Amino acid sequence: MGGVRVRVAGAGDAGELAAALVRNRRYMRPREPYRDEGYYTAEAQAERLADGAARWFAVDGERIVGAAILSGIVLGPLCSASLGYWVAEAYTGRGVASALVAEVCRAAREELGLHRIEAGTMLDNFASQRVLEKSGFTRIGTAPKFLHIDGEWRDHHLFQLLLHDDPPPGVPRDLPAEGDRA
């Protein structure tokens, strides 16, 4: 990855995140939902960084060149989240997305205790599909008109990665027989 490292996002990253989004706005437009001008400000990004989702950045020095997010984190019997990620145009094809996804998957299992991660890609986003497949994700279906992107509702291929088969935290591995349950 040539000096690029992956790290956890922090509240102090809002300004650099906004700058990274501005730098890559035109490149990401065909694959991202519409964003109003306010989205590209440090203030808006500070709000996003405080929204409870888990985020990681790919950084080259201090410059953000990619990001990954686990959103919609649900614990309990589901233990699942949705994965999204992007990489700056100048850093595509260098393993940055794969490194981001690998770190997210590691943290999802080891730190968050998740069982499953889901992700979606537009049908023609073959590079992202390759990243997911290399990371162990399995395609589980296609969702018609899944997300409004670049002026249209776009179909997406859906993927999932099962991280483990352990029961959720607090649930015994071997449940008592049906008649013995309280």
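**Close-up 1. G136 after helix α5 in the predicted model.** Helix α5 is followed by G136. The phi angle of G136 is positive, near 95 degrees.

**Close-up 2. Buried and exposed residues of α5.** Helix α5 comprises residues 126-134, and S128, Q129, V131 and L132 are buried in this helix. These four residues cover an arc of only 155 degrees around the axis, which puts them on the same side of α5. An α-helix has 3.6 residues a turn, so residues three or four places apart point the same way. The face of α5 turned away from the buried side carries F126 and K134, both exposed.

**Close-up 3. Surroundings of the buried side of α5.** The buried residues of α5 pack against one helix, α4 (96-110), and against the strands β4 (80-87), β5 (116-122) and β7 (152-162).

**Close-up 4. The open sheet and its edges.** An open sheet of 7 strands has the order β1-β2-β3-β4-β5-β7-β6, with mixed pairing. β1 (4-8) and β6 (138-149) stand at the edges; each has a single partner strand, so one side of each is left without a neighbour in the sheet. From one strand to the next, the twist averages 25 degrees.

**Close-up 5. Pairing of β6 with β7, and α5 on the sheet.** Strands β6 and β7 run antiparallel and are joined by 8 bridges. The bridge partner of H148 is W153, in β7. Helix α5 packs on the sheet and touches β4, β5 and β7. The direction of α5 makes about 160 degrees with that of β5.

Methods. Residues are numbered from 1 along each chain as its sequence is written. This is a predicted model: local features need pLDDT of at least 70, side-chain atom pairs count only at pLDDT 80 or more; totals for chains, interfaces and linings use all residues. Side-chain values use heavy atoms; hydrogens and water are left out. Buried means under 20% relative accessible area, exposed over 50%, partly exposed in between (1.4 Å probe, protein chains only). Helices (H or I, at least four residues) and strands (E, at least two) are DSSP runs, numbered from the N terminus. The arc is that of the directions from the helix axis to the C-beta atoms. Contact means heavy atoms within 4.5 Å. Two strands pair if DSSP finds at least two bridges between them. Axes are lines fitted to C-alpha atoms, for helices over the stretch in contact, and angles run from 0 to 180 degrees between N-to-C directions.
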